[in-house]
Amino acid sequence: MEMQAPVSPPSLSLHPHWFLPNTTATRHTLSLSTQQKYATPSPPLPLHAKRTYFAYNTSNEARLIDLYFKHGKVDLVRQVFDEIPEPDVDAWCAMITGFAHNGLPREALEYTRMMVKERIKLNLVVMIVILNVVGDACAPKLGREVHGLVVKIRFFHEELQILSALIDMYWKCGDFGSASRVLYSVMERNDGCWTGLMSGRLELAMRSVIGLKRFRPGVAAIASLLPICAQLKALKQGKEIHAYALKRWFLPHVSIVSPLMVLYSKCGLIEYSMRLFDGMEWRNVILWTAMIDSFVENGLTYEALGVIRSMQLTEHRPDTVTMARMLHVCSQLKNVKLGKEIHGQVLKRGFASVHYVAAELINMYGICEVVDKAKLVFSAVPVKGSMTWSALIRAYGYKEWYQDAIDLFDNMIANGFSPNRFTFEAVLSICDRAGFVEDAFRIFDLMSRYKIEATEEHCTIMIRLLTRYGKLDEAQRFVEMSSFL
């Protein structure tokens, strides 16, 4: 028997059992109900009414849940959801979003936990909704559980929107360390993606935190923002944060002064960094290292050397990071005598096995063309990684042992070590200097095996090499490739 939908708005029922089996009519009625708000909807039928004429359509149920939430019928929403035999992801999303929008964060979290427990297959929209709900409810424990799901699903872990929502969630929960770790994990995979994400986070933070629209940030929040400003060279925002820190009597505080020094040095204001450093009555290794970095950043290597000498006269002993910075200064000055002195300190402190310290040692000896020493340092590293292999390849290049450098690269791969983008940059540069065109092609093609995307620097090296040897057609291909990077 064919039935007609009622035409009088005041008599429109909001109960799910009222709907007819005609899908088109159902969707039309839902849309009509959503668009119009009636002061007194007709009483719903009892929940035990039969569903003889209604075949379940989960998308309709989700829309019905959304409709009930819009009319504030929270009790009916629960009953409708409970009667769905197997709620799909849309129904769960409708429940979580509805509770969140109706100012019921506890209920939203309750259904989020239930959804996670039921192992419902999540989609992009639902995951972002859940992260927003967790952040608004300030539930870091549940947030970490959801983060675990993100890590397990590779597609989510590569989505910028998900990563942005994760950072927002941790920020709202006050877990700035976890937020920073998510940011830096993005930076390791994609510098451009990281910069875009950082710009958005900085803009949000400056508007909602420094603007004091939501809460008054403490030292930890300020300290987490300053490295972002430094990376983006956001001087204006950095100065605003500096002013806020002064106003709140957060200075002098090492965790704020140190990133402020780095920020000003990256923006070319080395005198500001010096003023901050000189204004600290008590200095630790972090501040000494920041001052060395500030001079190196601005090409003032002799001034950096002076800071190193001054630090050696204090009771402070350099840590692994400071040692690496000192060795970098020695490399730039080609001061092998001081480099050997620092090498002695590295051995005395047991830092020789730290990969980035060993890499700087190898690099220093390579630049100073003491390759035998570089090989000894490399051999002494118990667990070798791409950083130490790359450093020795560069050392061979400095000595113009070009074929040995290519053989070393092949040996690295043969021994099961994975090169990174810096390794490829080093070995392609050696091919360029040596004129190894065929090797350059072979090595460039290897990048795809290790899932490394070619950078503009890689393409520039290939263009320079191929142009010099008259292979213009091949060079044009790399020119076109670099235009998309």
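Helix 23 (402-414), helix 24, helix 26 and helix 27 (472-482) are among the elements that cover the buried residues of helix 25. Keep in mind as you browse that this is a predicted model. Beyond helix 25, the tour below takes in ring pairs, a charge over rings, a buried serine and two cysteines.

**Around helix 25**
- The buried residues of helix 25 are Val-437, Ala-440, Phe-441, Ile-443, Phe-444 and Leu-446.
- Helix 24, which helps to cover those residues, spans residues 421-434 and carries Phe-424.
- Phe-424 counts as buried because its relative accessibility is 0%.

**Aromatic pairs**
- The structure holds 15 aromatic pairs.
- One of them joins Phe-378 and Trp-389 edge-to-face, with 5.0 Å from centre to centre and 75 degrees between the planes.
- This pair ties together parts that are 11 residues apart in sequence, because Phe-378 sits in helix 21 (residues 371-380) and Trp-389 in helix 22 (residues 386-398).
- Both Phe-378 and Trp-389 are buried.
- Phe-424 and Tyr-450 make a tilted pair, because their ring centres are 6.5 Å apart and their planes meet at 50 degrees.
- Tyr-450 belongs to the loop between helix 25 (437-446) and helix 26 (456-468), so its pairing with Phe-424 of helix 24 ties together parts that are 26 residues apart in sequence.
- For a cluster, look at Phe-69, Phe-81, Trp-92, Phe-99 and Tyr-111, which are linked by ring pairs.

**An arginine over two rings**
- Arg-283 lies over the face of Phe-277, 4.2 Å from the ring centre.
- Arg-283 also lies over the face of Trp-288, here at 5.8 Å from the ring centre.

**A buried serine**
- Ser-265 is part of helix 14, which covers residues 254-266.
- With a relative accessibility of 4%, Ser-265 counts as buried.
- Setting aside neighbours within four places in sequence, Ser-265 has contacts with Ser-273, Ser-294, Glu-297 and Asn-298.

**Cysteines**
- You will find 0 disulfides in the structure.
- Why is there no bond between Cys-330 and the closest cysteine sulfur, in Cys-368? The two sulfurs are 8.0 Å apart, which is too far for a bond, given that a disulfide needs sulfur atoms within 2.5 Å.
- Seen from the other side, the closest cysteine sulfur to that of Cys-368 is in Cys-330.
- Cys-330 counts as buried at 1% relative accessibility.
- Cys-368 also counts as buried, at 18% relative accessibility, because the cut-off for buried is under 20%.

How values were computed:
Residues numbered from 1 in each chain as written. Predicted model: local features only at pLDDT ≥ 70, side-chain atom pairs only at ≥ 80, totals over all residues. Heavy atoms only, no water. Helix = DSSP H or I, 4+ residues; strand = E, 2+ residues; numbered from the N terminus. Buried < 20%, exposed > 50% of the residue type's maximum accessible area, 1.4 Å probe, protein only. Contact = heavy atoms within 4.5 Å. Phe/Tyr/Trp six-rings, centres within 6.5 Å; stacked < 30°, edge-to-face > 60°. Lys NZ or Arg CZ within 6 Å of the ring centre and 35° of its normal.
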